[in-house]
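Reader: I'm new to reading protein models, and I'd like a close look at one part of this one. Could you walk me through the loops where the backbone does something unusual for its residue type, and how they sit in the rest of the chain?

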Amino acid sequence: VDLSDPRKPEIIGELKIPGFSDYLHFYGENRLLGIGMNVDEKTMSTDGVKISMFDISDKTDVKEEDTYVLKNVYSTDVSYDYKAALVDWKKNLIGFSGYAEGGQRYFLFAYEDGEGFVCNLEEDINGNGMRNPRGIYIEETLYVIQGNIIEAYSLKDYQKVDDLIL
């Protein structure tokens, strides 16, 4: 959508895909990251959280470069709270929590040219609180924070380093 003239917004391109993205975030110069739900085209029911990478180099001909569906993950906090996403294209980090059977999990992805999405971390989220879990990083350590528990993971090998219970 071209919003250069606020009195006359104009649709300059569109793309039909199965499912939808309810969170969009620029990922570098000519890419757009989408997080939402995949929809089974036969049953028209959602069957998992879907992350998509869109090529927006030509605004009139947007393409879905790659998708990754988290089967049996039924929703994400990102759908309702944009601050729940950890996205840093320079460090190639895409992190968010999702609700699956058995509880809440934290996912950390990278996006590789030619390979697509790579899931580097999928861990149960411990702790509870009134706010959504958050992932943050400092240097080479990812911290997943939920309520009174902080868990630390190495961004080099994605192994758990330690945790802190407050």
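Author: Sure! Keep in mind that this is a predicted model. To set the scene, 39% of the 166 residues of the protein count as buried. The protein has 13 strands and zero helices, so we'll be looking at loops that link one strand to another. The radius of gyration is 17 Å, close to the 15 Å that the globule rule gives for 166 residues, so the protein is as compact as a globular protein of that length.

Now for the loops. Start with Met44, which you'll find in the loop between strand 2 (31-39) and strand 3 (46-55). Its phi is near 60°, a positive value, and Met44 is not a glycine. Is Met44 buried or exposed? With a relative accessibility of 61%, Met44 counts as exposed, because the cut-off for that is over 50%.

Next, hop along to Asn92, in the loop between strand 6 (86-88) and strand 7 (93-100). Asn92 also isn't a glycine, yet it has a positive phi of about 60°. And is Asn92 buried or exposed? Here the relative accessibility is 18%, so Asn92 counts as buried, since buried means under 20%.

Zooming back out, the C-alpha trace spans about 50 × 40 × 35 Å along its principal axes. As for the outside, the protein exposes about 10100 Å², and carbon and sulfur atoms supply 49% of that.

Note on methods
Residues are numbered from 1 along each chain as its sequence is written. This is a predicted model: local features need pLDDT of at least 70, side-chain atom pairs count only at pLDDT 80 or more; totals for chains, interfaces and linings use all residues. Side-chain values use heavy atoms; hydrogens and water are left out. Helices (H or I, at least four residues) and strands (E, at least two) are DSSP runs, numbered from the N terminus. The radius of gyration is taken over C-alpha atoms; the globule rule is 2.2 Å times the number of residues to the power 0.38. Buried means under 20% relative accessible area, exposed over 50%, partly exposed in between (1.4 Å probe, protein chains only). Accessible areas come from the Shrake-Rupley method with a 1.4 Å probe; for residues, only the protein chains shown count as cover.
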